[in-house]
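The following exercises practise reading a protein model step by step. Attempt each task before turning to its solution.

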Amino acid sequence: MSKVVLDVSMSLDGFTTGPNVRKEEPMGDGGERLHEWMAGNGPDGGVDIGIRRQVDAAVGAVVIGRRTFDLGLGPWGGTPWPGVPSFVVTHRTREDLLGDNGGTFAFDGLEAAARRAKDAAGDKDVLVLGADVARQLLAAGLLDEVWLHLVPLLLGAGTPLFAGERAELILEGEPVAGSVSVTHMRYRVLKP
(Lines give C-alpha, C1' and ligand atoms only; values in the text may rest on other atoms or scores of the structure.)
Protein backbone atom coordinates (compact mmCIF):
# COMPACT_ATOMS: atom_id res chain seq x y z
CA MET A 1 0.00 0.00 0.00
CA SER A 2 1.33 3.43 -0.89
CA LYS A 3 2.34 6.03 1.68
CA VAL A 4 2.07 9.81 1.41
CA VAL A 5 5.62 11.08 1.90
CA LEU A 6 6.99 14.59 2.19
CA ASP A 7 10.46 14.55 0.63
CA VAL A 8 12.01 17.94 1.38
CA SER A 9 15.31 19.75 1.63
CA MET A 10 15.34 22.26 4.49
CA SER A 11 17.81 24.82 5.82
CA LEU A 12 18.98 24.69 9.44
CA ASP A 13 16.65 27.59 10.21
CA GLY A 14 13.63 25.68 8.89
CA PHE A 15 13.07 27.10 5.40
CA THR A 16 12.31 25.15 2.21
CA THR A 17 12.91 28.16 -0.05
CA GLY A 18 14.88 31.35 0.19
CA PRO A 19 13.20 34.75 0.49
CA ASN A 20 11.54 36.49 -2.47
CA VAL A 21 10.06 33.46 -4.24
CA ARG A 22 9.01 34.53 -7.74
CA LYS A 23 8.79 33.26 -11.31
CA GLU A 24 12.41 34.21 -12.06
CA GLU A 25 13.62 32.51 -8.83
CA PRO A 26 11.10 29.72 -8.01
CA MET A 27 13.22 28.63 -5.02
CA GLY A 28 13.71 32.23 -3.82
CA ASP A 29 16.99 34.03 -3.34
CA GLY A 30 19.62 31.39 -2.50
CA GLY A 31 17.04 28.61 -2.28
CA GLU A 32 18.55 26.51 -5.10
CA ARG A 33 21.44 25.82 -2.72
CA LEU A 34 19.06 23.53 -0.81
CA HIS A 35 19.16 21.10 -3.75
CA GLU A 36 22.89 21.16 -4.57
CA TRP A 37 23.42 17.91 -2.64
CA MET A 38 21.40 16.03 -5.28
CA ALA A 39 24.30 16.34 -7.74
CA GLY A 40 26.51 14.32 -5.38
CA ASN A 41 29.50 16.64 -5.82
CA GLY A 42 30.42 16.94 -2.14
CA PRO A 43 32.67 14.63 -0.13
CA ASP A 44 30.98 11.22 0.06
CA GLY A 45 28.53 12.48 -2.58
CA GLY A 46 27.87 8.89 -3.62
CA VAL A 47 25.74 8.50 -0.48
CA ASP A 48 23.69 11.53 -1.53
CA ILE A 49 23.23 10.12 -5.04
CA GLY A 50 22.12 6.81 -3.50
CA ILE A 51 19.52 8.56 -1.33
CA ARG A 52 18.21 10.51 -4.34
CA ARG A 53 17.94 7.31 -6.39
CA GLN A 54 16.10 5.59 -3.54
CA VAL A 55 13.59 8.44 -3.37
CA ASP A 56 13.17 8.58 -7.15
CA ALA A 57 12.61 4.82 -7.37
CA ALA A 58 9.81 5.04 -4.77
CA VAL A 59 7.75 7.67 -6.64
CA GLY A 60 4.43 6.37 -7.95
CA ALA A 61 2.52 9.66 -7.92
CA VAL A 62 2.98 13.23 -6.75
CA VAL A 63 0.78 15.68 -4.82
CA ILE A 64 1.75 19.27 -5.56
CA GLY A 65 0.62 22.54 -4.04
CA ARG A 66 -0.85 25.03 -6.51
CA ARG A 67 1.88 27.64 -5.98
CA THR A 68 4.60 25.01 -6.43
CA PHE A 69 2.89 23.91 -9.64
CA ASP A 70 2.60 27.48 -10.93
CA LEU A 71 6.28 28.18 -10.24
CA GLY A 72 7.62 24.76 -11.25
CA LEU A 73 5.85 23.99 -14.50
CA GLY A 74 8.24 26.09 -16.60
CA PRO A 75 11.50 24.70 -15.19
CA TRP A 76 10.13 21.13 -15.11
CA GLY A 77 8.77 21.24 -18.66
CA GLY A 78 6.22 18.65 -17.55
CA THR A 79 5.65 16.58 -14.44
CA PRO A 80 8.50 16.57 -11.88
CA TRP A 81 9.11 12.85 -12.58
CA PRO A 82 8.59 11.98 -16.27
CA GLY A 83 5.54 9.83 -16.86
CA VAL A 84 4.45 9.95 -13.20
CA PRO A 85 0.94 11.33 -12.56
CA SER A 86 0.80 14.51 -10.52
CA PHE A 87 -2.18 15.83 -8.58
CA VAL A 88 -2.30 19.57 -7.95
CA VAL A 89 -4.16 20.67 -4.83
CA THR A 90 -6.24 23.71 -5.71
CA HIS A 91 -9.58 25.42 -5.25
CA ARG A 92 -9.41 26.37 -8.96
CA THR A 93 -9.95 23.06 -10.72
CA ARG A 94 -9.43 22.77 -14.45
CA GLU A 95 -9.06 20.16 -17.18
CA ASP A 96 -6.16 17.73 -16.83
CA LEU A 97 -2.92 18.91 -18.39
CA LEU A 98 -0.51 16.67 -20.30
CA GLY A 99 3.12 17.61 -19.57
CA ASP A 100 5.81 17.74 -22.24
CA ASN A 101 7.41 14.64 -20.70
CA GLY A 102 4.36 12.36 -20.84
CA GLY A 103 3.11 12.91 -17.29
CA THR A 104 -0.32 14.29 -16.50
CA PHE A 105 -1.42 16.93 -14.02
CA ALA A 106 -4.88 16.58 -12.48
CA PHE A 107 -6.42 19.36 -10.35
CA ASP A 108 -8.49 18.68 -7.25
CA GLY A 109 -9.08 19.47 -3.58
CA LEU A 110 -6.78 18.19 -0.83
CA GLU A 111 -8.47 14.94 0.17
CA ALA A 112 -9.48 13.99 -3.38
CA ALA A 113 -5.96 14.70 -4.69
CA ALA A 114 -4.39 12.55 -1.94
CA ARG A 115 -6.85 9.71 -2.56
CA ARG A 116 -6.41 9.80 -6.33
CA ALA A 117 -2.63 9.94 -5.98
CA LYS A 118 -2.61 6.89 -3.67
CA ASP A 119 -4.75 5.00 -6.15
CA ALA A 120 -2.43 5.95 -9.02
CA ALA A 121 0.74 5.12 -7.06
CA GLY A 122 -0.17 1.46 -6.52
CA ASP A 123 2.58 -0.07 -4.37
CA LYS A 124 4.84 2.96 -4.71
CA ASP A 125 4.78 6.16 -2.66
CA VAL A 126 3.05 9.48 -3.18
CA LEU A 127 5.58 12.29 -2.88
CA VAL A 128 4.49 15.71 -1.70
CA LEU A 129 5.90 18.92 -3.19
CA GLY A 130 5.22 22.23 -1.46
CA ALA A 131 5.44 23.27 2.19
CA ASP A 132 1.90 24.64 2.35
CA VAL A 133 0.25 21.51 0.95
CA ALA A 134 2.48 19.41 3.25
CA ARG A 135 1.17 21.35 6.27
CA GLN A 136 -2.41 20.82 5.06
CA LEU A 137 -1.85 17.07 4.63
CA LEU A 138 -0.28 16.85 8.10
CA ALA A 139 -3.23 18.71 9.68
CA ALA A 140 -5.71 16.44 7.86
CA GLY A 141 -3.93 13.29 9.10
CA LEU A 142 -3.00 12.29 5.52
CA LEU A 143 0.81 12.53 5.74
CA ASP A 144 2.57 9.24 6.59
CA GLU A 145 6.28 10.04 6.45
CA VAL A 146 8.73 12.93 6.27
CA TRP A 147 12.03 12.41 4.46
CA LEU A 148 14.06 15.40 5.58
CA HIS A 149 17.31 16.46 3.94
CA LEU A 150 18.83 18.97 6.37
CA VAL A 151 21.23 21.35 4.61
CA PRO A 152 23.80 23.29 6.70
CA LEU A 153 22.66 26.67 5.44
CA LEU A 154 20.92 29.60 7.12
CA LEU A 155 18.57 31.35 4.70
CA GLY A 156 17.20 33.85 7.24
CA ALA A 157 13.78 33.96 5.59
CA GLY A 158 11.71 32.10 3.03
CA THR A 159 8.96 29.49 3.15
CA PRO A 160 8.92 27.70 6.52
CA LEU A 161 8.41 23.95 6.45
CA PHE A 162 6.23 24.03 9.55
CA ALA A 163 4.32 26.99 10.90
CA GLY A 164 2.51 26.10 14.11
CA GLU A 165 1.47 22.52 13.31
CA ARG A 166 1.62 19.93 16.05
CA ALA A 167 2.57 16.33 15.35
CA GLU A 168 4.72 13.58 16.75
CA LEU A 169 7.33 12.11 14.44
CA ILE A 170 9.36 8.95 15.04
CA LEU A 171 12.82 8.64 13.48
CA GLU A 172 13.00 5.59 11.21
CA GLY A 173 16.49 4.11 11.40
CA GLU A 174 19.65 6.13 11.91
CA PRO A 175 20.24 9.50 10.28
CA VAL A 176 22.48 9.12 7.25
CA ALA A 177 25.19 11.75 7.10
CA GLY A 178 25.45 11.92 3.33
CA SER A 179 28.22 14.46 3.16
CA VAL A 180 29.15 17.84 4.52
CA SER A 181 26.38 19.03 2.20
CA VAL A 182 23.37 17.37 3.88
CA THR A 183 22.06 15.02 6.57
CA HIS A 184 19.25 12.68 5.50
CA MET A 185 16.58 11.65 8.01
CA ARG A 186 13.36 9.69 7.66
CA TYR A 187 10.45 10.11 10.08
CA ARG A 188 7.14 8.31 10.45
CA VAL A 189 4.17 10.51 11.42
CA LEU A 190 2.30 9.09 14.40
CA LYS A 191 -1.45 9.17 13.85
CA PRO A 192 -3.62 10.34 16.78
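**Exercise 1. The largest pocket**

The largest pocket of this predicted model has a volume of about 1000 Å³. Task: determine which residues are closest to the centre of the largest pocket, and which elements contribute to its lining.

Solution.

Step 1. The lining of the largest pocket consists of 40 residues, and those closest to the centre are M27, T68, W76, L129 and G130.

Step 2. Two or more lining residues come from each of the elements β1 (4-11), α1 (45-58), α2 (66-76), β6 (125-129) and α4 (131-139).

Step 3. Helix α2 provides the largest share of this lining, with 7 residues.

Step 4. Sorted by character, the lining residues comprise 18 nonpolar, 14 polar and 8 charged.

**Exercise 2. Strand β7 and its partners**

Task: establish in which sense β7 pairs with β1, and in which sense with β10. Then state which residues stand opposite W147.

Solution.

Step 1. Strand β7 covers residues 145-151, and 6 of its 7 residues are buried, so the strand is mostly covered, where buried means under 20% relative accessible area.

Step 2. The pairing of β1 with β7 is parallel and runs over 7 bridges. In this pairing, W147 of β7 stands opposite D7.

Step 3. The pairing of β7 with strand β10 (residues 182-189) is antiparallel and runs over 6 bridges. Here W147 stands opposite R186 in β10.

Step 4. W147 therefore has an opposite residue in each pairing: D7 and R186 in β10.

**Exercise 3. Aromatic pairs**

Task: find how many aromatic pairs there are, and explain why the pair of F69 and F105 is classed as it is.

Solution.

Step 1. The count comes to 2 aromatic pairs.

Step 2. For F69 and F105, the ring centres are 5.0 Å apart and the planes stand at 65°, so this pair is edge-to-face. The reasoning rests on a cut-off: planes over 60 degrees apart count as edge-to-face.

Step 3. Because F69 belongs to helix α2 and F105 to strand β5 (residues 104-108), the pair ties together parts that are 36 residues apart in sequence.

Step 4. F69 has 3% relative accessibility and therefore counts as buried. F105 is also buried, as its relative accessible area is 0%.

Step 5. For F69 and F107, the ring centres are 5.3 Å apart and the planes stand at 85°, so this pair too is edge-to-face. Since F69 is in helix α2 and F107 in strand β5, this pair ties together parts that are 38 residues apart in sequence.

Step 6. F107 is buried, as is F69. F69, F105 and F107 make up one aromatic cluster.

**Exercise 4. Salt bridges**

Task: state how many salt bridges the structure holds. Then identify which residue forms a salt bridge with D7, and decide whether D7 is buried or exposed.

Solution.

Step 1. Side chains of opposite charge can pair when their charged atoms come close.

Step 2. The structure holds 8 salt bridges.

Step 3. One of them joins D7 to R52, with the closest N and O atoms 3.2 Å apart. R52 lies in helix α1 and D7 in strand β1, so the pair ties together parts that are 45 residues apart in sequence.

Step 4. The relative accessibility of D7 is 10%, so D7 counts as buried. R52, at 11% relative accessibility, counts as buried too.

Step 5. R52 also forms a salt bridge with D56, where the closest N and O atoms are 3.2 Å apart. These two residues both lie in helix α1, 4 residues apart, about one turn of the helix. At 33% relative accessibility, D56 counts as partly exposed.

Step 6. D108 and R116 are likewise joined by a salt bridge between their side chains, at 3.0 Å from N to O. D108 is partly exposed, with a relative accessible area of 21%, and R116 counts as partly exposed at 29% relative accessibility.

Step 7. A network of salt bridges links K3, E145 and R186. R186 was met above as the residue in β10 opposite W147.

Conventions
Residues are numbered from 1 along each chain as its sequence is written. This is a predicted model: local features need pLDDT of at least 70, side-chain atom pairs count only at pLDDT 80 or more; totals for chains, interfaces and linings use all residues. Side-chain values use heavy atoms; hydrogens and water are left out. On a 1 Å grid over the protein atoms alone, a cavity is a set of points where a 1.4 Å probe fits but cannot get out, and a pocket is an open set with protein on both sides within 12 Å along at least five of seven lines; lining residues have an atom within 4 Å of a point. Grid points are joined across faces, edges and corners, and a volume is the space filled by probe spheres set on the points. Ala, Val, Leu, Ile, Met, Phe, Trp, Tyr, Cys and Pro count as nonpolar, Asp, Glu, Lys and Arg as charged, and the others, Gly among them, as polar. Buried means under 20% relative accessible area, exposed over 50%, partly exposed in between (1.4 Å probe, protein chains only). Two strands pair if DSSP finds at least two bridges between them. Rings of Phe, Tyr and Trp (its six-membered ring) pair if their centres lie within 6.5 Å; planes under 30 degrees apart count as stacked, over 60 as edge-to-face and the rest as tilted. A salt bridge is a side-chain nitrogen of Lys or Arg within 4 Å of a carboxyl oxygen of Asp or Glu.
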